[in-house]
Amino acid sequence: MNPSTASDKASPRVVLRAENVWKSYDDGAIEVLKGVSFEAAAGQTVALCGPSGCGKSTLLHLFGGLDEPDRGHVSVNGVEINRHRNLLKLLRHEIGFVFQLHNLIPDLTLEENCLIPTVAAGLDRRAAQERLRQLAERTGLSHRLNHRIQKLSGGERQRTALCRALMNKPMILLADEPTGSLDEQTSAAVFALLLDIATTEGVTLLMATHDRGLAARCDRLLEMHDGRIHEPAAN
Amino acid sequence: MLRTGRGRTIVIFLKLIVTNLRRHRIRSIISVAGIAFSVAAMLTVVTILQGAIGMFSGILSSDSEIVVFERNVSDLFFSNVPAAAIQEIAGWPMVAHADPVLFGIVSSADHPIVTCFGLTAADARIRKATWLAGDRQQFARHDDDVVLGERAAEFLSAAYGSHVQIGHATFHVVGILKTANGFEDGGVFMPLASAQSFFHKEGISSVITIKLRDKNDAAAFKSAVKAKYASLIALEDEEFNRSYSQFKILKATAWAVAGCGLAMGGLGVANTMIMSVFTRVREIAILRVNGFSNMQIAAIVFGEAAVVSLLGAALGLLTGTGLLFALKLVPALHGYIDVSIQPEIMLVVLLLALLTGIAGALYPAIYAMRVRAVEALRFE
């Protein structure tokens, strides 16, 4: 296995890098990541497959700066993540998150939920509105902008979460089982949209999933077992 | 359609602030009510005591601008100004008139405290009052003559021309007068000499109220008193209100009681905010994942506390004002309550309520800032 050489694109710029990353919980009683090393190039779509508890979400959280490794280094776009120094910049401009549950705020409208990252980043209002207009059009949510989250279907909620994640034009999208709570048909539609937007916007996608059918449509498919990454030779 | 209002960002922030208040309406209402009751209590207590102070100082400043009394006394009832000083000061060229007043407290059959004023017939309190019965020509004709304030006549059940028992003596009511001042309205006015005899203070008055021919002579007058009488002090009304120890104690008591009430309200806000943060940990985690800084998250918590405090303060000011008006209508309190709420008191009360709310949100805000998104979002 040699994850760092997986991309077949010409001289790709590495935007996600994990070097010998270890992570455990409960004072070391539960070892989740055991020396994970991994790289992803700009614009790649990468699927992480593996059984529950194998460390997929943990790896995504480390790349998103939501957690810290016990050992090893995690860097985004060549900069090691530091909770005190560059985490806000990372979360506001470089990373977008999509979770299994939409994690939208129910009292706000679709539009307001999507504008949250732009409020956090202090993005220009006109630019934010224009960006939302484009994304809403693309995800088929234009007619739902002023609707509250409770009024939306599961697929619409997840598409809203996707819009929100992309509002600040991040270079990396971390998706943790983004279609895990949807039925098969909706799941396929949302994933197609996710893949399409990621590809056309040049976003690097790192997605944790149980669905091997969806995972196979990504540029790379990585297997996680026992706290380590295994990249099938076919990649 | 997208709205393009300039305040969209502010609207989202405000919605994040009020969203939890709307979700837990009963808890929010209780919290607002806590602050409202505190503010109403604060406003009522402070205004009543300020009114009482104003009325008492009004007794002293009736048609005068300077009060002379014994230096270092804790209470004017213990002040002794000798007759010789009164006569001499009254004769100073800069003095238009000098009115000696003797204050005394006595009990009657049903009332443990009746305030007595020993006055001369020329005193402004007698001259300027509205006489409901009798007239000021009758004042001080005989040693046992008294004039009653309207409310005193009421609670002593005394009528014009009747006799009334005050302390161990019986007096003849030769007039009933009405003043806007609650203390005076509930007081007994005696000729100065009678009061001195009654209170065993012959030749003594408690204070002299001074009207100067020219107000600009105030400094010269005070210097003259200081030079001539080591045991006396002359203060302009404003100075007296600031420095009189009884007023200071009353003011301190009022603000202390009010502060305790507000602290209780603050604890209510703290409790609400802690519960609010606990119930929206996941939401805070979502905001954090979407780039909200510690300060932005704290701003939401403080904003929520500020909304509770300001709503409570506004409601409390309305309730307090209503309560003061209602108390003013109670006959027994007539003249004692001044409902003219000073703007600076309202401002102080508002600021204190806001500060209390902010203080109550301190720990919840710190807790919110420490929420770890990874833990809050782990269990979906």
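Reader: Happy to be looking at this with you. Is Asp67(A) buried or exposed?

Author: Glad to help, and please keep in mind that this is a predicted model. The cut-off for buried is a relative accessible area under 20%. Asp67(A) has 6% relative accessibility, so the residue counts as buried.

Reader: Thanks! Which residue does Asp67(A) meet in a salt bridge?

Author: The pair crosses between chains, with Asp67(A) in the loop between α1 (56–63) and β4 (71–76) of chain A. Its partner sits in the loop between α14 (362–369) and α15 (373–378) of chain B. The partner is partly exposed, with a relative accessible area of 36%. The N to O distance is 3.0 Å, and the residue that Asp67(A) meets is Arg372(B).

Reader: Which residues are linked with Asp67(A) and Arg372(B) in a network of salt bridges?

Author: Asp67(A) and Arg372(B) form a salt bridge, and this pair belongs to a network. The other members of that network are Lys23(A), Asp70(A) and Glu375(B).

Reader: How many salt bridges does the structure hold over all chains?

Author: The pair of Arg372(B) and Asp67(A) is one of them, and Glu88(B) with Lys228(B) is another. Over all chains, the number of salt bridges is 24.

Reader: Let's take Glu88(B) and Lys228(B). How many residues apart in sequence are the parts that this pair ties together?

Author: The closest N and O atoms of this salt bridge are 3.3 Å apart. Glu88(B) is partly exposed at 31% relative accessible area, and Lys228(B) is partly exposed at 46%. Glu88(B) lies in helix α3 (residues 83–90) and Lys228(B) in helix α8 (residues 218–228), both of chain B, so the parts tied together are apart in sequence by 140 residues.

Reader: And what is the relative accessible area of Glu304(B)?

Author: Glu304(B) forms a salt bridge with Arg280(B), with the closest N and O atoms 2.9 Å apart. Glu304(B) lies in helix α12 (residues 294–328) of chain B and Arg280(B) in the loop between α10 (245–279) and α11 (281–289), so the pair ties together parts 24 residues apart in sequence. Arg280(B) counts as buried at 5%. Glu304(B) is buried too, and its relative accessible area is 2%.

Reader: Turning to α14(B), why do its buried residues line one face of the helix?

Author: The buried residues in α14(B) are Pro364(B), Ala365(B) and Ala368(B). What covers them includes α10, α11, α12 and α13 (343–360) of chain B. They line one face because, seen down the axis of α14(B), they fall within an arc of 100 degrees.

Reader: Which residues is Glu156(A) in contact with, leaving aside neighbours within four places in sequence?

Author: Glu156(A) is found in helix α5 (residues 154–166) of chain A. The residue is buried, with a relative accessible area of 9%. Leaving aside those neighbours, its contacts are Leu141(A), His143(A) and Arg144(A).

Reader: Now the nonpolar interior: which element gives the largest share of the largest core?

Author: The largest nonpolar core has 120 residues, and those with the most contacts inside it include Leu173(A) and Phe292(B). Not counting residues up to four places away in sequence, Leu173(A) touches Phe97(A), Leu162(A) and Leu206(A), among others. The largest share of this core is nine residues, and the element is α12(B).

Reader: Last one: how many residues are in the second, separate core?

Author: Among its members are Phe69(B), Val73(B), Trp131(B) and Phe139(B). The number of residues in this second, separate core is 25.

Terms used: Residues numbered from 1 in each chain as written. Chains lettered and ligands numbered in written order. Predicted model: local features only at pLDDT ≥ 70, side-chain atom pairs only at ≥ 80, totals over all residues. Heavy atoms only, no water. Salt bridge = Lys/Arg side-chain N within 4 Å of Asp/Glu carboxyl O. Helix = DSSP H or I, 4+ residues; strand = E, 2+ residues; numbered from the N terminus. Buried < 20%, exposed > 50% of the residue type's maximum accessible area, 1.4 Å probe, protein only. Arc of directions from axis to C-beta. Contact = heavy atoms within 4.5 Å. Core = buried A, V, L, I, M, F, W, Y, C linked by side-chain atoms within 4.5 Å.
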